Number of protein chains: 2
Amino acid sequence: MEGSMFSERIQRLSGSLIREILAAAQRPGVISFAGGLPAADRLPELDWHAAPRALAQYGTSEGEPGLRAKLAAQVSALGLPCAAEQVLVLTGSQQTLDLAAKLFVDPGTPVLVEQPTYLAALQVFRLFGADCLGVPLTPRGIDLAAFEARLQARRPALAYLIPTFQNPSGARYDEATRDAVAALLDRYEVPLLEDEPYRELSFDGKTATPIAARLNKAPWIYTGTLSKVLAPGLRDAFLVASPELFPYLVKLKQAADLHSCRHAQWQAEQWLGSERLAEHVDRLIGFYRERRDTMQAALERHFADLADWNTPEGGLFFWLRLKRRVDTRTLLPAALEADVAFMPGEPFFAEPDDGIGHLRLNFSHAPDARIDEGIARLAAILRAGGA
Amino acid sequence: MEGSMFSERIQRLSGSLIREILAAAQRPGVISFAGGLPAADRLPELDWHAAPRALAQYGTSEGEPGLRAKLAAQVSALGLPCAAEQVLVLTGSQQTLDLAAKLFVDPGTPVLVEQPTYLAALQVFRLFGADCLGVPLTPRGIDLAAFEARLQARRPALAYLIPTFQNPSGARYDEATRDAVAALLDRYEVPLLEDEPYRELSFDGKTATPIAARLNKAPWIYTGTLSKVLAPGLRDAFLVASPELFPYLVKLKQAADLHSCRHAQWQAEQWLGSERLAEHVDRLIGFYRERRDTMQAALERHFADLADWNTPEGGLFFWLRLKRRVDTRTLLPAALEADVAFMPGEPFFAEPDDGIGHLRLNFSHAPDARIDEGIARLAAILRAGGA
């Protein structure tokens, strides 16, 4: 600890590992499976010529009325009925994590998370002092017996779930699990934070109603982003919340940054609900499905004896479980030395030691022609490292 | 308190008064002196046609390299030598308050503030549990004896100062006060947060080196924004920090929203350091100076027997001290009823009861032709209310 100059939470401030990996991954020549970046050559052309001059003025903390209406329509179409007044526009869905942590988390507050879960969510909840309680995942969703046991043993202030193409595991909750999770959250009256950045990137065209829509009693926040389907550089994202939470979230948003960039909001409004966006997402899905297939083939070639995995039906990641329990964090320097980057799986676990021998591989960003080479290099490093 | 569902800090979450005033002030027909909005017809035309497609991709938490370099040059030109690597691009300078509160403030942490000070800063510091210690202001800056007494009695974790055209008081620290404040912060080793949104809006052309540049030992954060000179809707703002603070602030920014909108950053980069921006700011200053003069004349006409004030040499506000001690919060409903909005002064004080009988009047937003009428209406309401 750097001494008493800082707040108590600063001793829990992390983030350097990912920052270092991503920085290293941007070196020319590195084949990167580390981040979750869209393919650079699949970014849309944004047309700004009709942006109104009036956008230069201050806006409202809630967001642009037209964008809120379109987001409400989109969320309602998923089966989660929602009015424009329930939509809060944000700067990245990362901001949902910040606002939710402020709303629910004090030092020592129990927060239920999937095991593994989104690394940056763990970081934010912990920064605010959360005691993150991991519940194992299956490919069909969270382990229901373990989930109920956790709810019973110590009522968490919040359950953080990523039910569709979960990051990092790729898991997709099936209908029965969604219903059961909603019933349990209702029974124990535990608020839900449902995070769905990858929902639209479905390779088999299947979709499922959000868990939030299945709740009768528990408060909820549902959050999504345009970063995976349009342009992450804009930082367009949103949350929708049940009425007992929404007013607090608006005030917390106002305290955080007053409001999000109005020009970025206007740009999002031009795309949302349009034929143009539907076509763009269709092309994107086809493109990412091909890369998924390329990586699947490469893994079968080079990793069959090293790891087990499920072929992801959406999202941007393969999630590998090594047959031999090697801490993949120790292999990172050698990988970067060989100009290939990956994301160690251990930090995605509330208790990293529970996750020894996992790694996450992104298939959207590295050029198709280099995927096999990168996977081969990675396999060689794992073998040399004892995996 | 809504019960144990929320974090402990939520009982300190405020903000509804301002939100209500600003919402009411936007009703058609209302003459608003309440907010701090630029004049709508003075917003610049933004040219987007050359925005690179690559901006659609994720960016870095620190901000766009080109923008950071230009901001570093601008800050260095003020006399605060600064490298691009010390600049963090933000979503509104409000975000500086959020990040600084996260870095320094636990429940009970003493934070030194001017009395009065920026209302939204009080709200953020309090949200994180700060014990805000007010030190009186004079037109030349903070009261030095009271300042030192505060530093001596209970060492604050942070001193939050707005030395140039302070919001709400309009005070401008003179050279001697800036030097003395820096020497005291050095002596007591108290970190400085120096907030300068209004620096460029100087009606007499005078300027002064930031206090941060006068420190030899104390850590510091210096923050500025393009919202007052370019386009608040873009949310372009920044902080510069001393090396022992900067790495923490970057990680806190990453945890808050990964990074700010890249298109807004690109737009700022096109303007910063340009002849075009210099000309725009010159015109803006001329325009605001005229409105300042119009309001000064109106106040002399209608308020001479009601209040005392100093004519502001920059910024966007008059700060009135009523001759009779009336709580201006109680007058707000009658004012809004009469279609005139103002900002009660009491909430700008760490202890609102210390500030009974103050109000803030913005002169940048209401049309010049309606200022006299609005001030006359306000005077009538004050008289009716006992002022």
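## Cysteines

Is C261(B) buried or exposed? C261(B) counts as buried, at 6% relative accessibility. This is a predicted model, and every value below is computed from it or taken from a record.

Where is the closest cysteine sulfur to that of C261(B)? It belongs to C261(A), at 4.1 Å. That is too far for a bond. The cut-off for a disulfide is 2.5 Å between the sulfur atoms, so the pair of C261(B) and C261(A) does not qualify. Over all chains, the structure holds zero disulfides. C82(A) is another buried cysteine. Its relative accessible area is 13%.

## Annotated domain in chain A

UniProt lists residues 45-378 of chain A as "domain: Aminotransferase class I/classII large". The entry is unreviewed. In the model, this span is 37% helix and 17% strand. Its end C-alpha atoms lie 34 Å apart.

## Cis peptide bonds

Which peptide bond is cis in the loop region of P168(A)? The bond runs from N167(A) to P168(A), and its omega is near 15 degrees. P168(A) sits in the loop between β6 and α6 of chain A. Strand β6 covers 158-161, and helix α6 covers 175-188.

Chain B also has a cis peptide bond, joining N167(B) and P168(B). Here omega is about 15 degrees. P168(B) lies in the loop between β6 (158-161) and α6 (175-188) of chain B.

## Positive phi outside glycine

F165(A) is not a glycine, yet its phi is positive, at about 55 degrees. The residue is found in the loop between β6 and α6 of chain A. P168(A), with its cis bond, lies in the loop between these elements too. What is the relative accessible area of F165(A)? It is 2%, so F165(A) is buried.

D339(B) also has a positive phi without being a glycine. The angle is about 60 degrees. D339(B) lies in the loop between α10 and β12 of chain B. Helix α10 spans 332-337, and strand β12 spans 340-341. Why does D339(B) count as partly exposed? Its relative accessibility is 27%, and partly exposed runs between the 20% and 50% cut-offs.

Terms used: Residues are numbered from 1 along each chain as its sequence is written. Chains are lettered from A and ligands numbered from 1 in the order in which they are written. This is a predicted model: local features need pLDDT of at least 70, side-chain atom pairs count only at pLDDT 80 or more; totals for chains, interfaces and linings use all residues. Side-chain values use heavy atoms; hydrogens and water are left out. Buried means under 20% relative accessible area, exposed over 50%, partly exposed in between (1.4 Å probe, protein chains only). UniProt positions are given in the numbering used here, feature names are shortened, and annotations may be inferred rather than shown by experiment. Helices (H or I, at least four residues) and strands (E, at least two) are DSSP runs, numbered from the N terminus.
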